[in-house]
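Visitor: I am new to this structure and would like a close look at a single part of it. Please take one strand, describe its surroundings, and then go on to other places from there.

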Amino acid sequence: MYEFLSLPTLLIIVSTTGFSQKKQNDTLQIDEVIISTDALVGSKFKAKNRAGSTYFVSPAELKTFNYDDVSRIFRTVPGVSIQEEEGFGLRPNIGMRGTSPNRTEKITVMEDGVLIAPAPYSAPAAYYFPTVNRMQSFEILKGGSQIQYGPYTTGGAINMISSQIPNNFSGNFIGSVGRFNTKKTYINLGHSFTNFGYIVEYNNRNSDGFKTIDNSQKNAGFNGNDYVGKFKINTNPDAKIYQSLTFKLQFSEDLSNETYLGLTQSDFDANPYRRYIGSNEDYIDTEHKQIMVTHYIKPTSNLSFTTKVYRNDFARNWYKLDYVRLGSNRVSINAILENPITYQAEYLAITGQNNTADNALGIKANNREYEAKGIQTVGNYKFIVGTTSNELDFGVRYHEDFEDRFQWVDGFAIQNGNLIKTSFGTPGTDANRIVSAKATAAHALWNLNYGKFTLSPGVRYENIQLTSKNYGSNDVNRIGTSLVETENKTDVWIPGFGILYSHSDSYNFFASAHKGFSPPGTTIGEDAENSFNTEIGVRMTKNRFSGELIGYYNSFFNLQGADNMSSGGSGTGDLFNAGKATVKGIEVLASYQLVNYKSVQLPLTVSYTLTDTTLESNFNSPIWGNVTEGDQIPYIAKNQLAISLGFKYKKWDAAVSGKYVDAFRTLAGQGEIAPNVKVNSNFIVDASAKYFLTKKVALIGNIINLFDSTYAVSRVPAGLRPGHPFGINAGIMARF
C-alpha cells in the first residue's frame, strides 16, 4: 500500500519499537535523536507501554482524512471533549476528562514540547491554535502520564509535533477546493546534508463560510496564512559527542468574519445558517509569531539533554457586537437571545427590523496582545542496576507571559436595515489591564523496569507569581493615576505514581494516581484548582485485535470556573471557586482488522467515552447559574461514541467515520435537561477517499457531514450556533 510517509516519519515508527532496555540502547541511532527531539511519546508502541493513558495520532492516521480541524482529528480519541465553534476548527474548544472545553483553557497544549497558548499562565483562554495540517503527529497524555507537562495537570496534555526536517531532498504538496469556495494549499520543501538541514512550509486556508448575513454582501468566511522555517546545524553523525542546533521561525495571520452573535431557538429552527445584520461588522484579526532555538547534546550513549529557548507573540482584535442600549439600560447580546420576548425592541434592532438612534449598538474592539517566552531543559538518562533497567526524565523551565487588554467600544445604529457606524471609541476606555506571570517549573519522572513490572514515580514543582495592573477606563495613557495592582503567588508540589504490569506481549495492566492542579487567578488569596486523580486500565493486542479499557475517578477539592465572554459571561476573565466536585468515567478503544487478505484491508475502530460529573457545593456562578449540590457540570456530554471503518485495496484508500455526541446542558443542573439550556445530541458522519495515480501522486477527496445533518454545537456566548453542513472537498496530493 502506498503511503505518503517521509523517511523521518518512518524512522520515528521503526526506531521506537524496542521494549527492553537493551533494545532501546541498540536503537539509539543518530536519526532517532534528530527526529524525536520534539516528541514526548513518539510512536503508538511507546504510547501503549506507559504506566498511564496515552494516545498517539500517527502520520498515517492524519493522512486518512486530511483534516485541518483538530476536532475531527481527535474524534476517535477517548476522553477528549471538543465543543465546535465556527465549523472549521480555527479556534477549537478542547476539554479532557471533564475539564471545561471553553477556549482549551484547562489543559496543557504544546507545539514541539513548548507551551503554545498565547499566555498559558496569566490568561489561558486560547484564542490561537496552531494550523493543524502542518503537524506530523499528535500526542495526547492523560492520567499519571501527564505530570511532566504543566501547569495544567487535571485533564491532560496535548503535544503537536510539527513537520520534521527530512533526511533527503523532498517536498510535499496538497491542494484542494470545495463547497463554500473553500480552498486549501500546503507545500513544504526540505533537505539534509552532513552538517546542515532545513525545511520551509507554506499553508493557506480560506473559505466564504456557510452562513449568510442578512441584507449584506459580506461573507462569513476566513483567510489564513502560515509560514514556517526550520534550519539545523549539527556535528558529524559519528562525532564522539553529538550535538545539533535547530532554529524554528513561524509566522501566521488570520482574518475571520466571525461573531459571538448566534440565533434564537425559533430563528435557528427556521434557518440555522442565518446571521443577523447586527453582526455585519464582526471579525477577528490575528497575528502569531514564534521563535524557537533547540539545542540537543548527547554526551554519552545513555544520556541526552534538550534545551529550548522560545518566544511566542500573539496579537488579536476581535471586533464584535457586545450590547444594545435603546434607553438607559444596556442589554447584552446574550440576554437578548435568551429572552427575545422580554427584550423585543433590542431583538428587532439586531435583526435590522427597527431603526435605532445613533450609538444604540455597541461593537467592542477586544484588542489584546500576548507574549510568552522562556527557556527549558529536559534530560534523559538510561541506566541498568542489577536486574532492573531504568530511565530518568528530568527538566526545569523558566517562563514569563502576559496579556495586555487595551479595548474600546464604537457606536453603531440600524438605519433601513443596515448597520451604520455613528461614533469612534477611545482605545483603552473599555478594558485597560495587563496581567502577567512568572513561573519556574521542574519535574522528574523515574521509570524502573523489573521483570514484568514498570514503576513510574514522579513529581512536578510549580512556583507561580501572577500580577494584575488595572489602569481603569480614565487612564488610557497608563500614567498610573487610576492604577489598581494585585498579586498572587503559588508554590505547589504535584506528585504522581504509575505502575505497569506486562502480563505478556499481548496484555498489560496499568494504574496511576496523581495530583490535579490549575493555577489560580490574580486575586490575593484565591485558591488554585486541586484534585486527586486515579485511573486503572488494561490493554490488549492479539492477532487482528487491539484495544484498551480505562476507568478513572477525579476528586476535586476545589474546582475552578472562569468568567469569560466566550462561555456566556461578562468577559472579565476572573476565576471563581466551585468547591468540591467529582468526575468519573470510562474510556474504551478497540480496533479490529475485519479483512486482511492479499491487497484488501478493512480496519474497524470504535471508541467510547462515558463522563459523569457531579458538583458537590451550593453557589451562584456568573456562567453556570445557581448551582445546587448534585448538579452536573455544564458543557460536558455524558456519552460519546465514534466508529471508523477503513478500506484499502491496491491503489485505493478510503474511510468512513461517525461520531455521536450526547445532549448536554449549558447551565448546571440535574435530571432532565430543560429545552432552553439544552444542546441536542448529534451523530455526524464523514468520509474520505484517495486514489494513487503513482507512488508519489494521489487524488484526494473528503466529505464533511455526509448526510447533511443540521445540529447545534453551542448556546454560548450568545444564542445557538450550527455545526458544519454537508461539505465536499477534492484535490491532489504529491510528494517529490
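Guide: Strand E7 is covered on both faces: Ala157, Asn159 and Ile161 are buried on one side, and Ile158, Met160 and Ser162 are buried on the other. This is read from a predicted model. In a regular strand the side chains alternate between the two faces of the sheet. Strand E7 spans residues 157-162, and six of its six residues are buried, so the strand is largely enclosed by the rest of the structure. The cut-off for buried is a relative accessible area under 20%.

Next come the strands beside E7. It belongs to an open sheet of five strands with mixed pairing, in the order E1-E6-E7-E4-E5. The edges of this sheet are strand E1 (54-57) and strand E5 (114-115), each of which pairs on one side only. E7 runs antiparallel to E6, and six bridges join the two. In that pairing, Met135 stands opposite Ser162 of E7. With strand E4 (residues 108-111), E7 pairs in the parallel sense, over four bridges. Here Asn159 of E7 has Met110 opposite it. One step further out, strand E6 (residues 135-141) pairs with E1 in the antiparallel sense over four bridges. Thr54 has Leu141 in E6 as its bridge partner.

The nonpolar residues around this sheet can be followed from Ile140. Leaving aside neighbours within four places in sequence, Ile140 is in contact with ten residues listed here: Ser53, Thr54, Tyr55, Val57, Phe74, Val77, Val80, Met96, Ala157 and Ile158. Two of these, Ala157 and Ile158, are among the buried residues of E7. The largest nonpolar core has 69 residues, and the members that touch the most others are Val57, Phe74, Phe138 and Ile140. Strand E16 (residues 303-325) gives this core its largest share, five residues. A second core, separate and made of 19 residues, includes Phe56, Met110, Ile464 and Leu466. In soluble globular proteins, nonpolar side chains tend to be buried together.

Strand E16 also holds a polar residue, Asn317. Asn317 has a relative accessible area of 13%, so it counts as buried. Its side chain reaches the backbone nitrogen of Asn366 at 3.3 Å. Beyond its neighbours within four places in sequence, Asn317 is in contact with Tyr283, Ile284, Asp285, Ala365, Asn366, Asn367 and Trp408.

Charged residues also sit over aromatic rings. The charged end of Arg91 is placed over the ring of Trp318, 5.1 Å from its centre. Arg316 lies over the face of Tyr127, with 4.0 Å to the ring centre.

Rings also pair with one another, and 25 aromatic pairs are found in a search of the whole structure. In one of them, Tyr276 and Tyr347 have ring centres 6.1 Å apart and planes at 90°, so the pair is edge-to-face. This pair links distant parts of the chain, 71 residues apart: Tyr276 is in the loop between strand E14 (274-275) and strand E15 (283-300), while Tyr347 is in helix H9 (residues 344-350). Tyr276 is buried because its relative accessibility is 1%. Tyr347 is buried too, because its relative accessible area is 13%. Elsewhere, ring pairs join Phe88, Phe180, Phe210, Phe222 and Tyr273 into a cluster.

Another tyrosine, Tyr398, lies in strand E19 (residues 388-415). Its relative accessibility is 34%, so Tyr398 counts as partly exposed. The side chains of Tyr398 and Glu400 make a polar contact at 2.6 Å. Tyr398 and Ala439 are 41 residues apart along the chain, yet their C-alpha atoms are separated by 5.9 Å. Apart from neighbours within four places in sequence, the contacts of Tyr398 are Tyr310, Lys373, Gly374, Ile375, Lys438, Ala439 and Thr440.

The last stop is a set of strands further along the chain. Strand E27 (residues 575-597) pairs with strand E28 (residues 600-615) in the antiparallel sense over 15 bridges. Gly585 has Thr611 in E28 as its bridge partner. The two strands form a hairpin with two residues between them, and Lys598 in the turn has a positive phi of about 55°. E28 also runs antiparallel to strand E31 (residues 639-649), joined to it by nine bridges. In that pairing, the partner of Tyr608 is Leu641 in E31.

Methods:
Residues numbered from 1 in each chain as written. Predicted model: local features only at pLDDT ≥ 70, side-chain atom pairs only at ≥ 80, totals over all residues. Heavy atoms only, no water. Pairing = 2+ DSSP bridges. Core = buried A, V, L, I, M, F, W, Y, C linked by side-chain atoms within 4.5 Å. Buried < 20%, exposed > 50% of the residue type's maximum accessible area, 1.4 Å probe, protein only. Contact = heavy atoms within 4.5 Å. Polar contact = N/O pair within 3.5 Å; in protein donor to acceptor, adjacent residues only side chain to side chain. Phe/Tyr/Trp six-rings, centres within 6.5 Å; stacked < 30°, edge-to-face > 60°. Lys NZ or Arg CZ within 6 Å of the ring centre and 35° of its normal.
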